[in-house]
Amino acid sequence: MTIWLNAGIIFTLLAIITILIKWGNVRVVGVTPVRTFTFIAILFTSGLDVGLIMFPLTEFAGYADIKASPEYAFANPLAIEFGYWGFLIWGFYFLTCFYFCVIEPKVKFFEIPWVKFINNVVIIGTCAFTAYLLLTNLPWYLPELGDGESVIPTFYFVVLAAICFAVYSSTDIKYVRILSIATTWLFIALIGFMWASAFVLGDSEMSAFTSNVASIGVYFANINEFVLPLNDYHEFYLFWWFAWSIMIGQFTSRFVGGLKTYQVLGAMLIFPSIPIAIWFSVLYHYHDMGIPTQGIKNFAMVFVGVVFVINSLDSLIRLYTDNLNLTVKRLGKLNYMALNIVALSLLTLLFKLEFLQIQWVGALVIGLFFVCAGFIGYSKFKTVKNIDSSPKDNKIDYTKIETVH
């Protein structure tokens, strides 16, 4: 699996370089373009899930234990955490976003029946994994509701409620902008609340926060270390990013609003990384100083985490239901909701039973990357070579999202 993953990463980086050389100045326009801030909000909230909120506090100690994991010795735990979530790996999303916006309309690889089937298996499986992550992390963040280790009926209800809400919001695309922007502001508010609790209401010096932010620079000084997997846990993360990449690319490609290709790459690498860096710097201070998060802080993190899950599921549900023609228009709202709620709930339980693994999904996506490249090289090389713009039908009309359902 490691060799397969390494091949996928190297292929991805080479593909990004090729795109920048050939199409760097092409203006990228999606079928439902939105303004840049809205595009970044959709990208950030759809491209991340509950792990961003809930994982760091459970992981810092492991990254600091260089006796057990000497491979982490080259950087501090905060830089390691950032390396798993920020900057370079957002290039995966750029590759697929550009492909689905500019190349796929000419190539139509994902319209081949067996490819469409695998693509939807990937999307549905990752949907369920997102819900599973929320379920398995709730005991750690809400120990007062249980014993801090076991998943209790209350946690199943929370996850089911998130699935139900996401399925409902996926019934109309107009909710995407509302949900994405609202989630972005909620996350900013959470950062502000946690920061104020530690540095304004608490006893901590502001210099500790700025020192944390500065320590993330170690990531950039050692960015080459993060390209290939450091260990099995990093490998798990990279497969996870691959699993997400193909569907996030499909979804976000709809909303690119006229940025040039190199600007899309810059926006995807830089803008999501800024709030991630600030958030991790705040959380690392809580870990480093042993500041407790029980009570309102944990509840606030869980609440925002649930909203992230709703946002991610919304985009993924909309994607696979469109692909499979299981739309509200065809099924009716009631049938549409019942089908998706039951399917996602059952698949979430399969992940809980460890019957499914996200690494398998990521490996499948890498396979699709290779087969797609082979398909282009064999039968669509001249077509792709002659591409010089986004599809002509894609016009910059920021009001279009209001009329599409």
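How many of the residues of helix α5 (residues 77-85) are buried, that is, under 20% relative accessible area with a 1.4 Å probe and protein chains only? The helix is mostly covered, since 9 of its 9 residues are buried, and helices here are DSSP runs (H or I) of at least four residues, numbered from the N terminus. This is a predicted model, in which local features need pLDDT of at least 70, side-chain atom pairs count only at pLDDT 80 or more, and totals for chains, interfaces and linings use all residues. Residues are numbered from 1 along each chain as its sequence is written, and side-chain values use heavy atoms, with hydrogens and water left out.

Among the buried residues of α5 are Pro77, Phe82 and Trp85, and the partners that its buried residues pack against include α4 (56-64), α12 (232-252) and α14 (273-289). At the N-terminal end, asparagine 76 caps α5, with a side-chain oxygen 3.1 Å from the backbone nitrogen of leucine 78, while after the helix comes phenylalanine 87, whose phi is positive, near 55°.

Two packed helices are described by the angle between their axes and the distance between the axes. The axes of α1 (residues 2-23) and α13 (residues 261-270) come within 9 Å and cross at roughly 145°, where axes are lines fitted to C-alpha atoms over the stretch in contact and angles run from 0 to 180 degrees between N-to-C directions. In contact, meaning heavy atoms within 4.5 Å, Ile16, Ile19, Leu20 and Trp23 of α1 meet Thr261, Tyr262 and Leu265 of α13.

Helix α1 also approaches α18 (residues 358-385), their axes coming within 10 Å and crossing at roughly 35°.

Terms used:
Buried < 20%, exposed > 50% of the residue type's maximum accessible area, 1.4 Å probe, protein only. Helix = DSSP H or I, 4+ residues; strand = E, 2+ residues; numbered from the N terminus. Polar contact = N/O pair within 3.5 Å; in protein donor to acceptor, adjacent residues only side chain to side chain.
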